[in-house]
Amino acid sequence: MFPYRRILELHGEEERSLRSISAITRHSRQKVTEVIRLAEKRGLKCPLDEDMTDPWIEDFL
């Protein structure tokens, strides 16, 4: 499963660059940026609820 939740949680932490998020999750900066932009567009912000799993986030975005 793609780590949507992890990307959004890392982005919510201060001083995390897209490059560092990309390195941690082992996905391209382009994909990380795409996930973050879609989440912001849909109003999805951290902290995330417990029921917001990767499959839930994927469907939501």
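This is a short talk on how the helices of this model pack and where its backbone does something unusual.

Okay, let's start. One caution first: the model is predicted. Keep that in mind throughout.

I'll begin with helix α1, residues 4-12. Which of its residues are buried? Tyr 4, Arg 5, Ile 7, Leu 8 and Leu 10 are. Note the arginine in that list, Arg 5. What do these buried residues pack against? Three helices: α2, α3 and α4, the last one covering 54-60.

Take Leu 8 from that group. Set aside its neighbours within four places in sequence. Leu 8 then contacts Val 35, Ile 36 and Ala 39. It also contacts Leu 44, Cys 46, Leu 48 and Ile 57.

That brings us to the core. In soluble globular proteins, nonpolar side chains tend to be buried together. Here, the largest nonpolar core has 14 residues. Which of them have the most contacts inside it? Ile 7, Leu 8, Ile 21, Val 35, Leu 44, Leu 48 and Ile 57. Two elements, α1 and α3, give two or more residues to this core.

Next, helix α2. Its residues are 18-25, and it packs on α3, residues 29-42. The angle is about 110°, and the axes are 9 Å apart. Angles of 65 to 115 degrees count as roughly perpendicular, so α2 is roughly perpendicular to α3.

Who makes that contact? From α2, we have Leu 18, Arg 19, Ile 21, Ser 22 and Thr 25. From α3, we have Arg 29, Val 32, Thr 33 and Ile 36. By type, the contact residues divide into four nonpolar, three polar and two charged.

Now look at burial along α2. Ile 21, Ser 22 and Thr 25 are buried. Seen down the helix axis, the buried residues of α2 fall within an arc of 100°, so they line one face. They pack against α1 and α3. What sits on the face turned away from the buried side? Arg 19 and Ala 23, both exposed. Arg 19 also appears in the contact with α3.

Let me zoom in on Ile 21. It lies in α2. Is it buried or exposed? Its relative accessible area is 0%, so Ile 21 is buried. Leave out residues up to four places away in sequence. Ile 21 then touches Ile 7, Leu 10, His 11, Arg 16, Val 32 and Ile 36. For a sense of distance, take Glu 58, 37 residues from Ile 21 along the chain. Their C-alpha atoms are separated by 18 Å.

Last topic: the backbone. Glu 15 is not a glycine, yet has a positive phi of about 65°. Where is it? In the loop between α1 and α2. Relative accessibility is 82%, so Glu 15 counts as exposed.

Arg 26 is not a glycine either, and its phi is positive, about 60°. This residue comes just after α2, in the loop between α2 and α3. At 76% relative accessibility, Arg 26 counts as exposed.

And one peptide bond to check. Cys 46 and Pro 47 are joined by a cis peptide bond, with omega about 5°. Pro 47 lies in the loop between α3 and α4. Cys 46, you'll recall, is one of the contacts of Leu 8.

To recap: α2 sits roughly perpendicular to α3. The largest nonpolar core has 14 residues. And the Cys 46 to Pro 47 bond is cis. That's it from me.

Definitions and conventions
Residues are numbered from 1 along each chain as its sequence is written. This is a predicted model: local features need pLDDT of at least 70, side-chain atom pairs count only at pLDDT 80 or more; totals for chains, interfaces and linings use all residues. Side-chain values use heavy atoms; hydrogens and water are left out. Axes are lines fitted to C-alpha atoms, for helices over the stretch in contact, and angles run from 0 to 180 degrees between N-to-C directions. Helices (H or I, at least four residues) and strands (E, at least two) are DSSP runs, numbered from the N terminus. Angles under 35 degrees count as roughly parallel, over 145 as roughly antiparallel, 65 to 115 as roughly perpendicular and the rest as oblique. Contact means heavy atoms within 4.5 Å. Ala, Val, Leu, Ile, Met, Phe, Trp, Tyr, Cys and Pro count as nonpolar, Asp, Glu, Lys and Arg as charged, and the others, Gly among them, as polar. Buried means under 20% relative accessible area, exposed over 50%, partly exposed in between (1.4 Å probe, protein chains only). A nonpolar core is a set of buried Ala, Val, Leu, Ile, Met, Phe, Trp, Tyr and Cys residues joined through side-chain atoms within 4.5 Å. The arc is that of the directions from the helix axis to the C-beta atoms.
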